[in-house]
Amino acid sequence: AEAKAMVGEIAAWIYEYRHRRPRDTGAGPTPEMAARPARRDPLLAMMETGPVGLRLRWEHVKAGREIARVFEGVTASLAVKGRQFAAGKSPGFAFGRGGALPAHLDRLYRSQYCPWCADVVRAGMRLPPILAVVVFGRSVDSASVEARIGHDKLRRWILDSLEMYGRRAAQ
């Protein structure tokens, strides 16, 4: 009975997440974090703790949520296109042709996410550890160990990359 209640809660979170208005950047957990509610959200943890110069602000958390939504939409779109390809259908090369990526996510992907990724790489940062924390909800500690970089360096990269995304979104 307790397991059914937990499954019902998770289903409610997923339903709420998928039916949000497109402009709602929300502060709720990402689907990955909602599936594992015992874990602490690393972006909120970075907002609350750490050296004063490396703490996130609310705008950073909202930018991180938007990055996670775009990443999830794009990867879901790729899965749909993979199924179409496996079935012998031509999936097309534009995201809009498969009907898998909603228009607002497609716009964000093209106007903000792709240029942001290029800016991050141009600035000398590595994208995988940043995405591990921002999108997948991994702790800064585990992501920094895996990427073999310092804890504070990864915190700085996350802060700077979310600043870049926020500036790009404000343009």
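1. Read along the sequence, the chain follows the pattern α-α-α-α-α-α-α-α, and the count behind that pattern is 8 helices and 0 strands. Please keep in mind while reading that this is a predicted model, and that every value quoted below was computed from its atoms. Of the 171 residues of the chain, 39% count as buried. Among contacts between residues at least 6 apart in sequence, 61% join residues at least 24 apart, and some of the points below give examples of residues that meet although they are well separated along the chain.

2. A good place to begin is the way in which two of the helices meet. The axes of helix H6, which covers residues 127–134, and of helix H8 come within 10 Å of each other and cross at roughly 80°. Angles from 65 to 115 degrees count as roughly perpendicular, and H6 and H8 are therefore described as roughly perpendicular to each other. On the H6 side, the residues that take part are Pro-129, Ile-130, Val-133 and Val-134, and they meet Leu-154, Trp-157, Ile-158, Ser-161 and Leu-162 of H8.

3. One residue of that meeting place deserves a paragraph of its own, namely Trp-157, which lies in helix H8. Is Trp-157 buried or exposed? With a relative accessible area of 9%, Trp-157 is buried, since buried means under 20%. If residues up to four places away in sequence are not counted, Trp-157 touches Gly-124, Met-125, Arg-126, Pro-129, Ile-130 and Ile-149. The C-alpha atoms of Trp-157 and Leu-127 are separated by 9.1 Å, although these two residues are 30 residues apart along the chain.

4. The structure holds 9 salt bridges, and it is instructive to look at a few of them one at a time. In one of them, the side chains of Asp-106 and Arg-110 meet with 2.9 Å from N to O. Both residues belong to helix H5, which covers residues 103–122, and because they are 4 residues apart in it, about one helical turn separates them. The two partners differ in their surroundings, for Asp-106 is buried with a relative accessible area of 16%, whereas Arg-110 counts as partly exposed at 44% relative accessibility.

5. Helix H8 offers a similar arrangement, in which the side chains of Arg-156 and Asp-160 form a salt bridge with 3.5 Å from N to O. Here too the residues are 4 apart in the helix, so that about one helical turn lies between Arg-156 and Asp-160. Arg-156 is partly exposed, with a relative accessible area of 34%, and Asp-160 also counts as partly exposed, at 28% relative accessibility.

6. What does the salt bridge between Arg-168 and Asp-119 tie together? The closest N and O atoms of Arg-168 and Asp-119 are 2.7 Å apart. Arg-168 lies in helix H8 (residues 151–170) and Asp-119 in helix H5, so the pair ties together parts that are 49 residues apart in sequence. Arg-168 counts as partly exposed at 22% relative accessibility, while Asp-119 is buried, with a relative accessible area of 17%.

7. Asp-119 has further partners that are worth following in the structure. The side chain of Asp-119 makes a polar contact with the side chain of Arg-122, at 2.8 Å. Leaving aside neighbours within four places in sequence, Asp-119 is in contact with Met-164 and Arg-168. Beyond the pairs described so far, there is also a network of salt bridges that links Arg-57, Glu-59, Glu-163 and Arg-167.

8. The last point concerns the cysteines. A disulfide is a covalent bond between the sulfur atoms of two cysteines. How many disulfides does a search of the whole structure find? The search finds 0 disulfides. Cys-114 is in none, and the nearest cysteine sulfur to that of Cys-114 belongs to Cys-117, at 6.2 Å. A pair of sulfur atoms must be within 2.5 Å to count as a disulfide, and the 6.2 Å between the sulfur of Cys-117 and that of Cys-114 is therefore too far for a bond. As for their surroundings, Cys-114 counts as partly exposed at 32% relative accessibility, whereas Cys-117 counts as buried at 15%.

Note on methods:
Residues are numbered from 1 along each chain as its sequence is written. This is a predicted model: local features need pLDDT of at least 70, side-chain atom pairs count only at pLDDT 80 or more; totals for chains, interfaces and linings use all residues. Side-chain values use heavy atoms; hydrogens and water are left out. A salt bridge is a side-chain nitrogen of Lys or Arg within 4 Å of a carboxyl oxygen of Asp or Glu. Buried means under 20% relative accessible area, exposed over 50%, partly exposed in between (1.4 Å probe, protein chains only). Contact means heavy atoms within 4.5 Å. A polar contact is a pair of N or O atoms within 3.5 Å; within protein, one must be able to donate a hydrogen and the other to accept it, and residues adjacent in sequence count only if both atoms are side-chain atoms. Axes are lines fitted to C-alpha atoms, for helices over the stretch in contact, and angles run from 0 to 180 degrees between N-to-C directions. Angles under 35 degrees count as roughly parallel, over 145 as roughly antiparallel, 65 to 115 as roughly perpendicular and the rest as oblique.
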